[in-house]
Amino acid sequence: MKYQVVYISNTGNTEKIAKKVFEVLPGQDKDIVRFEPGVRIADADIYFIGFWIKRGTCSMDLLDFISELHDKKIVLFGTCGMGTHKEYYKELEDEITAWIADDSECLGTFICQGKMPMEVRNKYENMLGSGNDDKVEKMLQYFDSALTHPDKQDLENVAAFIKKII
Ligand SMILES: Cc1cc2nc3c(=O)[nH]c(=O)nc-3n(C[C@H](O)[C@H](O)[C@H](O)COP(=O)(O)O)c2cc1C
């Protein structure tokens, strides 16, 4: 069984998860690559594809890559800043899995929080007082709760998730 981990990561959160995924995959027939357009990605039986969420979805280039995988097994993992609600994670999962070709199969999706750059908090703070304070306070709470993620528990959770799938 050949495993290929492919991920995008802007500030390193998804990369941490990707490295843990790679570490727990059994055997030697495995590879890990940071995705960028044009990068060579080897053929594999199972693709472990990592993304980070930007404005409700992920990089279009990565979605194109996902949609072009035929007759493959795919495992998704990702990080996002907003919340820990199952419903929100399910929305994100649906957003990404919609791109999987009909002849490929998604074996599962793992999502956890990932800290955001401080400029994001500054932006939220500047939005206070503009009539949407309840919403902005919630976003600030999400920002603060994400600050420690991905943490040790997230790494243990993704390791358990991968072992269960394998
Ligand atoms: C410009 C920008 C847009 C973002 N949009 C969202 C979003 O729509 N939903 C969300 O939950 N998180 C959002 N985030 C938070 C990131 O998804 C989160 O910090 C993620 O862990 C970053 O992963 P990385 O470190 O691998 O790049 C956004 C972050 C940035 C910088």
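## Ligand shell, domains and a helix pair: worked exercises

The shell around the ligand divides into 7 nonpolar, 10 polar and 4 charged residues, where Ala, Val, Leu, Ile, Met, Phe, Trp, Tyr, Cys and Pro count as nonpolar, Asp, Glu, Lys and Arg as charged, and the others, Gly among them, as polar. The model is predicted, so that local features need pLDDT of at least 70 and side-chain atom pairs count only at pLDDT 80 or more, while totals for chains, interfaces and linings use all residues. Residues are numbered from 1 along each chain as its sequence is written.

**Exercise 1.** Locate the ligand relative to domain 1 and domain 2.

*Solution.* Begin with the division, taken from an automatic or database domain assignment, into domain 1 (3-114 + 150-165) and domain 2 (115-148). Next, note that both domains give residues to the shell around the ligand, so the ligand lies between them. Finally, among the 21 residues around the ligand (C-beta atom, placed from the backbone, within 6 Å of it), Asn10, Thr14, Trp52, Gly81 and Gly114 come nearest.

**Exercise 2.** Describe how α4 and α5 are arranged.

*Solution.* Take the axes, which are lines fitted to C-alpha atoms over the stretch in contact, with angles running from 0 to 180 degrees between N-to-C directions; those of α4 (residues 118-127) and α5 (residues 133-146) come within 9 Å and cross at roughly 160°. That makes α4 roughly antiparallel to α5, a term for angles over 145 degrees. Then list the contacts (C-beta atoms, placed from the backbone, within 7 Å): Val120, Arg121, Tyr124 and Met127 in α4 meet Val136, Met139, Leu140 and Phe143 in α5. By class, this contact has 7 nonpolar, no polar and 1 charged residues.

Terms used: Helices (H or I, at least four residues) and strands (E, at least two) are DSSP runs, numbered from the N terminus. Angles under 35 degrees count as roughly parallel, over 145 as roughly antiparallel, 65 to 115 as roughly perpendicular and the rest as oblique. Two residues are in contact if their C-beta atoms, placed from the backbone, lie within 7 Å.
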